[in-house]
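Subject: A structure for you to look at

Hello,

I am passing on the structure we talked about, so please open it and keep it beside this message while you read. Take your time with it.

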Amino acid sequence: MVMWQLGVNSGKFSPSRFVELMSTNPAKIFGCYPQKGTIAVGTEADIVVWDPQSHHTISASTHHMRCDYNVYEGMKVTGVPQKVYLRGKLIVDGDKWYGKNGEGKYVRAPRCPRPLTKIRAL
């Protein structure tokens, strides 16, 4: 939400670039692409349905983590995930969490063939 607010809403980059920065490029950097980071036949079906007009105030009391603080506490954002699907199964719907411990799937990243300092921008 912070990247959407400060990137897309401020005009620094497009919604398509947001997807590249938050999903596609990290999957490529960590060697998990195309299993992760893209929507295509045979890949993981992890999908976020995003509402770019919805408003939210970031708070530790509303996030789905076992943490009692948030460095962005009180920040107002426009653009909020509404639904999250894990391999096609709905695990977040609005403010409701339906996920269960152990539902995630470990994806082993291949060993980095060269030092990270030598990886050029994607």
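Below is what I found, going from the sheet to the loops, then two buried residues and finally the pocket. Please keep in mind that this is a predicted model.

Let's begin with the sheet. Four strands form an open sheet, and their order across it is S1-S2-S3-S4, with antiparallel pairing. S1 and S4 are the edge strands, each pairing on one side only.

You can trace the pairing residue by residue. S1 (47–57) and S2 (76–86) are joined in the antiparallel sense over eight bridges. To see this on screen, find Ile47, whose bridge partner in S2 is Tyr85, and then Thr57, whose partner in S2 is Lys76. S2 and S3 also pair in the antiparallel sense, here over four bridges. A good one to look up is Lys83, which has Asp93 in S3 as its bridge partner.

Next, the loops. S2 and S3 make a hairpin with two residues between the strands. Which residue there has a positive phi? It is Arg87, with phi near 50°, and this is a positive value in a residue other than glycine. Arg87 has a relative accessible area of 39%, so it counts as partly exposed.

The loop between H2 and S1 has something to show you as well: Pro34 lies there. The peptide bond that joins Tyr33 to Pro34 is cis, with omega about 10°.

Now for the two buried residues. Glu103 is found in the segment after strand S4 (96–97). Is Glu103 buried or exposed? Its relative accessible area is 17%, and buried means under 20%, so Glu103 is buried. What does its side chain reach? One polar contact, of 2.4 Å, links it to the side chain of Lys89. A polar atom of the Glu103 side chain also lies 2.7 Å from the backbone nitrogen of Lys100. Leaving aside residues up to four places away in sequence, Glu103 touches Leu86, Arg87, Lys89, Ile91 and Tyr98. Notice that Arg87, the hairpin residue with the positive phi, is on that list.

The second residue is Ala27, which belongs to helix H2. Ala27 counts as buried because its relative accessibility is 6%, under the 20% cut-off. Apart from residues up to four places away in sequence, Ala27 touches Cys32, Tyr33, Lys36 and Gly37. Tyr33 in that list is one half of the cis peptide bond with Pro34. Try finding Ala109 too: it is 82 residues from Ala27 along the chain, yet their C-alpha atoms are separated by 9.2 Å.

Last comes the pocket. The largest pocket has a volume of about 1500 Å³. It is lined by 44 residues, and the closest to its centre are Met1, Val48, Trp50, Pro81 and Val84. Which elements supply at least two residues each to this lining? Among them are helix H1 (2–8), helix H2 (15–29) and strands S1, S2 and S3. Sorted by class, the lining holds 26 nonpolar, 14 polar and four charged residues.

If you would like a place to start, go to Glu103 and look for its contact with Lys89, then move on to the pocket and find Trp50, one of the residues closest to its centre.

Enjoy exploring, and write back with any questions.

Best wishes

Key: Residues numbered from 1 in each chain as written. Predicted model: local features only at pLDDT ≥ 70, side-chain atom pairs only at ≥ 80, totals over all residues. Heavy atoms only, no water. 1 Å grid on protein atoms, 1.4 Å probe; cavity = no way out; pocket = protein on both sides within 12 Å on 5 of 7 lines; lining within 4 Å. Points joined across faces, edges and corners; volume = space filled by probe spheres on them. Nonpolar A, V, L, I, M, F, W, Y, C, P; charged D, E, K, R; others polar. Buried < 20%, exposed > 50% of the residue type's maximum accessible area, 1.4 Å probe, protein only. Polar contact = N/O pair within 3.5 Å; in protein donor to acceptor, adjacent residues only side chain to side chain. Contact = heavy atoms within 4.5 Å. Pairing = 2+ DSSP bridges.
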